[in-house]
Every structure is written in structure tokens, then in C-alpha cells.
Amino acid sequence: MKKLKTPNFNDPRVARRLKNSLAYVLANMSVNNPIPKELYCRDISEHLGSMSNPLSKWLKYHLLICVDERFDKDRGKCKKYILNLKGTLYVSELVNYNGWKGLSDVERNHQDVELAVEWAMKTFDVDNLTYKEKSNRYWNPLQNQRKVVRNQFLARNGLTEQYDVECCAQTIMYQTYQQYTDKPLMMMAEYIQNRTAIRNKVALDVGLSVTVVKQILTAMNNNAQLQADKRCSIFHLTNYSKSKVIAFNNHPAIAYLKADMKEMWRVLGKHIERDYTTTSNGITRKVKLNGSIKSSLYFSLEKQVMDVAYNYLETHNKRYIKLHDAFITEPITQEQYTEITQLIKTNTNYNIKLEKSVTW
């Protein structure tokens, strides 16, 4: 690699760029979380500067490590990065960001979040966010930030309450399934009612965190399969442990849940509109029910539900932001909560519950 030009650290403009760039990467990635994250090249250029600029190249080299060069413009897949921990520490010391030496993980994380929130306050206007609708979902720049950074930023702007549709994917798809048959799916129903206890049990038995179990189950709902293969998009969640993959897939709760999912999609597949394809033998048949078709159906139903909530908030002059299966808003009353869920039931026929949490 060509030798990087050392910036003039005594230049106040360089110091500002270093601090802003450090805040940008800390808003997107945690020092304590090594899981790779996709970053748009245009976002990197916006916050670190054009890569034709020597300072920008220096910043990218010291702050980020690309661990996956693959990208697909058509599918919206970007290169994946992790923090350059050594370089990030060096930059933090250059900008007199107190440094991390001697700090506990909790203290360091608090300091990182505070810097990132300060950056977000200067970067985003919560009342003028631009949403892009893609694949029946609304996207905005805040969704790319770490949850803790996003929530503290929103709380400081008065958006202190978050409402998530409880067990959204399984609830909506199971209730859709029930529109076509009276046959119950016992494990699916049990999971919807007691998902926390089931996740905790699986996590304890398999040796994974509850968060990872939740991530794997969410991926499974969109047709992913956990396999001990580095080509598997969720294998990394097990820290590439083959034994944990086997234990997870063979866990009784997971086995029963997978069986119910299979039956649910068997029934739904009969009613989903699909294109037709002709085989080499001249036989015409429906396109196979794949992950893309399943996700498309779920996202369209999810959007129907969430649009009702968003429209209610707008007509009642509430400041809020859209998330995929949730919203973060100014405080609402219990009466307004009830009105939202009743409107969803009336307009979509889905009986959902909203789980409340606070952003501060």
C-alpha cells in the first residue's frame, strides 16, 4: 500500500475532521461489538471525506477495517467493516478525547456514546428526516446508527417513547395463516405468547446470548437456515461454532417451531400470487416459494399495519419517526395507544399489541 501522508495535527480544521470522523464511526459501530457492519461508500465519503483526499484516506485507514469486499448495487449490499481498534484509539488521543486508557468497558462505552450523540445532534434534523420507501419499508439515515446513539439523540429531541409490535413477524404471519385454516400451530402460538421464556431457555441450553437467539429466529422467519458454513449469512452469529449450530437446530423448541413454520408456509404458499416459469421440459409451474417471496409478503403486510399507526400519529400532530415494525414518538396517552391498536384491527383485521419502552 502506498505510504499515507501524515496530516498536520496542529491545524484546527484537521482536528475538527478527526473528531467528526471519530464520532461518525462510533455512532455506527461499538468498540465492544466486533460484528461487521455494512457501510455505504457515499456515507463514508460524506463523513470522512472524498477518498481522493489524503486526510480522508488516512482517516479511513485508521478508523475502519474492511472485512468483506463484496457489494451488490442492485441488491443494496455494501462492503462490511469493523472498527480499527488501535487506529481508533490513536485518533481519540489526537483529538484530546480523554483517551480510553484506564477506562472500564462501561465508562468507555458511555464516553463513545456521548461523542456520537453530540455528532448526531449536529447531523440530523429529527423533524425533517427524509424517508426512502424500498421493498415495502421506510428507510431513513437514523436507522444506520447504533440503537443506543439513536435513542439518546431522539430522547434529547423529545421523542422518548418507542412502541414495537410484539413478536411482529410471527404474529402477522400466523394470523394470516389462520385466515385460511382452523388447524392450530401449537408451538407457533406458544412462541408468540411466551417468546421471552423460550428464547431464554434456548440461549441457556445452546450457549448463545438471548440477542443472538432472537436474531437467528428472525432470520429463520425470512427463510434463512442456520448452517455450519461460512457462506451462511447467520453462521457468524454463533461465532462460527459448529457444535452450537447443531445444538440450536436440534433443540426441541427450535425443531417444533421450524416444523410449524414449514406447515404455515405450506398453507400460505397456496394463496400467494406468484409468477409462472417454464421448465426445460416445457412444464409450466409456479415459481418456487423462496425467501424473497416470503419476505415480500411479510413486508407488505407489516406496512399495512404500520401505516395505520403512522397515519394516526400524523393526524394527531405527534412528532415521531418510523421504524420497520415500530415507531418512536412524543409521549402518547393510554387512550391514544388503545385507539391505534383498535384502528389497526378495524383496517387490517390484525390483532396486535404494542410493547412500550423508553429511549432515555
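## Exercises on a predicted model

The crossing of helices α8 and α11 is left-handed. The model is a predicted one, and the exercises below begin with this helix pair.

**Exercise 1.** Determine how α8 and α11 are oriented relative to each other, and which residues make their contact.

*Solution.* Step 1: α8 covers residues 186–206 and α11 covers residues 252–269; their axes come within 11 Å and cross at roughly 150 degrees. Step 2: angles over 145 degrees count as roughly antiparallel, and therefore α8 is roughly antiparallel to α11. Step 3: on the α8 side, the contact is made by M186, M187, M188, Y191, I198 and V202. On the α11 side, A253, I254, Y256, L257, D260, M261 and M264 take part. Step 4: sorted by character, the residues of this contact comprise 12 nonpolar, no polar and 1 charged.

**Exercise 2.** Establish the strand order of the sheet that contains β1, β2 and β3, and explain which strands stand at its edges.

*Solution.* Step 1: the 3 strands form an open sheet in the order β1-β3-β2, with antiparallel pairing. Step 2: β1 (37–38) and β2 (64–68) each have a single partner strand, so they stand at the edges and one side of each lacks a neighbour in the sheet. Step 3: β2 pairs with β3 (residues 80–83) in the antiparallel sense over 4 bridges, and L64 stands opposite L83 in β3. Step 4: helix α3 (residues 54–63) lies across β2 and β3, at about 65 degrees to β2.

**Exercise 3.** Carry out the corresponding analysis for the sheet that contains β6, β9, β10 and β11.

*Solution.* Step 1: these 4 strands form an open sheet in the order β9-β10-β6-β11, and the pairing is antiparallel. Step 2: the edges are occupied by β9 (320–322) and β11 (354–358); each has a single partner strand, so one side of each is left without a neighbour in the sheet. Step 3: neighbouring strands of this sheet are turned against each other by 20 degrees on average, direction ignored. Step 4: β6 (residues 161–165) runs antiparallel to β11 and is joined to it by 5 bridges; E161 stands opposite V358 in β11. Step 5: helix α6 (residues 147–156) lies across β6, β9 and β10 (326–329), running at about 40 degrees to β10.

**Exercise 4.** Assess whether the radius of gyration of the protein chain agrees with that of a compact globule.

*Solution.* Step 1: the protein chain has 13 helices and 11 strands. Step 2: its C-alpha trace spans about 70 × 55 × 45 Å along the principal axes. Step 3: for 360 residues, a compact globule would have a radius of gyration near 21 Å; the chain has 23 Å, which agrees.

How values were computed:
Residues are numbered from 1 along each chain as its sequence is written. This is a predicted model: local features need pLDDT of at least 70, side-chain atom pairs count only at pLDDT 80 or more; totals for chains, interfaces and linings use all residues. Side-chain values use heavy atoms; hydrogens and water are left out. Axes are lines fitted to C-alpha atoms, for helices over the stretch in contact, and angles run from 0 to 180 degrees between N-to-C directions. Helices (H or I, at least four residues) and strands (E, at least two) are DSSP runs, numbered from the N terminus. Angles under 35 degrees count as roughly parallel, over 145 as roughly antiparallel, 65 to 115 as roughly perpendicular and the rest as oblique. A crossing is left-handed if the near helix is turned anticlockwise from the far one by less than a right angle, and right-handed if clockwise. Contact means heavy atoms within 4.5 Å. Ala, Val, Leu, Ile, Met, Phe, Trp, Tyr, Cys and Pro count as nonpolar, Asp, Glu, Lys and Arg as charged, and the others, Gly among them, as polar. Two strands pair if DSSP finds at least two bridges between them. The radius of gyration is taken over C-alpha atoms; the globule rule is 2.2 Å times the number of residues to the power 0.38.
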